[in-house]
Amino acid sequence: MKNQRKVGPLSNGKEAENLGLMLCHSFNFTGWELFRDRIGIKNYRGIWQDNQIIGGLGLYPMAQWWGGNPVTMAGIAAVGVSPEHRGTGVADELLRHTLQELYNNQIPLSVLYPATQVLYRKVGYEQAGSLCKWQLPIQSIRMRDRTLTMHPVEPILSETIAALYQQQAVTCNGNLDRHPGIWENIFKPIPEETLYADLIGEPDDWQGYIIYSQQREGNSQTLAIADWVALTPAAIRRLWTFIADFRSQFATVIWRSSPVDPYLLCLPEQTGQITEFSHWMLRIVDVPLSLQQRGYPSGIEAELHLEVQDNILSENNGKFILTVSNGKGEVTPGGRGDLILDVRGLAPLYTGFFTPHQLHLSGHIQGNPSALSVATQLFSGPHPWMADMF
């Protein structure tokens, strides 16, 4: 008979220490104290067997921008199981309990970066957005626009930088309303490196910023952008000019972005290359709440009848009517169930990562042409992406 397991939050420093030892062993990393403090002990969950911690994960309580609205979201990080207990359903049980807790706390979304898709698909996650790492030869930029002033500042999080970031994030589906620990990942990277920061414009009219470090590998030097924002065409041109002015000493610039990066549209040639590409996964935790919190294209008046299946959270099973007007959605139970899908198929539909027709073709949703057309109108938008790892 399998020994009874217990899942729940950490209750004291000793449990946090034991979880840290297990995660360091599981992931082969050091510096647990830093990760512990960035997420916060109260945001870790453990799973115990015979009073021994055998697995755990961390939760980043934050939000994610969808259709111009911040939707409450729990980012899941550091899902680890001790080597002796792998393959016995520990991670599955831990995730199921965590998802039920999120639902009970009215957190409608959960997002993670998967080490394996099989595990997370079993509990309802699906591919829903991208993270790309770009590389560009600095010599190819050829931008010379110094109309705006660059102001060097101390590379610390400020209200100004946070406000500029938020202005850009609201327009980018999938961008985070960042948890303080995510900001720390930017301003206090591991391993520690010297960061530099500049604001663009003037104090009464800041138009963007850049946070970057300088990296050397052999005889080659790279400008590594930790975070950047440009709110105007002039700010984009000034950023590229600023980077181009490093060309005598630095060969390349690297940054994280969307696979469709509008900053690149301002350059003369297609010299940027994607060097790393990954998909993050999203789980709809509360179907009605997730649909009501996100924004929708303005000017569209529509009604979409959904039938959702969820093998983990039974509360999500059933038929729902999504009524959209003036960019807002209301959800009521019932309806015809014109669009049939499980909670996994709902994730990439919700984010616009795949179109309804693509999801229909791949077998993730079923629906008549009229329902697919309405869903296409409601869930259209820019490609969903994040620049943050967690």
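**Notebook: rings, a helix and two single residues**

I began with F27, which at 38% relative accessibility counts as partly exposed. I keep in mind throughout that I am reading a predicted model. Next I looked up F29, and I noted that F29 is partly exposed as well, with a relative accessible area of 23%.

I then searched the whole structure for aromatic pairs and found 22 of them. F27 and F29 form one such pair, with ring centres 6.3 Å apart; their planes meet at 40°, a value that is neither under 30 nor over 60 degrees, so I entered the pair as tilted. For F242 and F246 I wrote down a distance of 5.5 Å between ring centres and an angle of 75° between the planes, so this pair is edge-to-face. When I checked the accessibility of these two residues, I found both F242 and F246 buried.

I also followed ring pairs from residue to residue, and I saw that they link W134, W228, W240, W255 and Y263 into a cluster.

Then I turned to charges placed over rings. I found the charged end of K6 over the ring of W48, at 4.6 Å from the ring centre, and I found the charged end of R294 over the ring of Y296, where the distance to the centre is 5.1 Å.

**The whole chain**

I counted the secondary structure of the protein and arrived at 11 helices and 18 strands. I looked up the radius of gyration, which is 22 Å, and this agrees with the value near 21 Å that a compact globule of 390 residues would have. Along the principal axes, I recorded a span for the C-alpha trace of about 65 × 55 × 35 Å.

How much of the protein is buried? I noted that buried residues make up 52% of the 390 residues. For the surface, I wrote down an exposed area of about 17,800 Å², of which carbon and sulfur atoms supply 50%. I also looked at contacts between residues at least 6 apart in sequence, and I found that 73% of these join residues at least 24 apart.

**Helix α5**

I went through helix α5, which covers residues 159-169, and I listed I161, L164, Y165, Q168 and A169 as buried. Seen down the axis of α5, these buried residues fall within an arc of 135°, so I entered them as lining one face of the helix. As background I added that an α-helix has 3.6 residues a turn, so residues three or four places apart point the same way. I then asked what the buried residues of α5 pack against, and I found strands β3 (52-66), β8 (176-177), β9 (195-202), β10 (205-217) and β11 (220-230), together with helix α6 (180-187).

**Two single residues**

I picked out V81, which is found in strand β4 (residues 69-81), and which counts as buried at 10% relative accessibility. Leaving aside neighbours within four places in sequence, I listed M22, S26, I54, G55, R86, V90 and A91 as being in contact with V81. Between V81 and L94, which are 13 residues apart in sequence, I noted a C-alpha to C-alpha distance of 9.7 Å.

Last I looked up T194, which lies in the loop between α6 and β9. Is T194 buried or exposed? At 51% relative accessibility, I entered T194 as exposed. Not counting residues up to four places away in sequence, I found that T194 touches Y212, S213 and Q214. From T194 to N219, 25 residues apart along the chain, I recorded a separation of 19 Å between the C-alpha atoms.

Notes
Residues numbered from 1 in each chain as written. Predicted model: local features only at pLDDT ≥ 70, side-chain atom pairs only at ≥ 80, totals over all residues. Heavy atoms only, no water. Phe/Tyr/Trp six-rings, centres within 6.5 Å; stacked < 30°, edge-to-face > 60°. Buried < 20%, exposed > 50% of the residue type's maximum accessible area, 1.4 Å probe, protein only. Lys NZ or Arg CZ within 6 Å of the ring centre and 35° of its normal. Helix = DSSP H or I, 4+ residues; strand = E, 2+ residues; numbered from the N terminus. Rg over C-alpha atoms; globule rule 2.2 N^0.38 Å. Contact = heavy atoms within 4.5 Å. Areas by Shrake-Rupley, 256 points an atom, 1.4 Å probe, with all protein chains shown as cover. Arc of directions from axis to C-beta.
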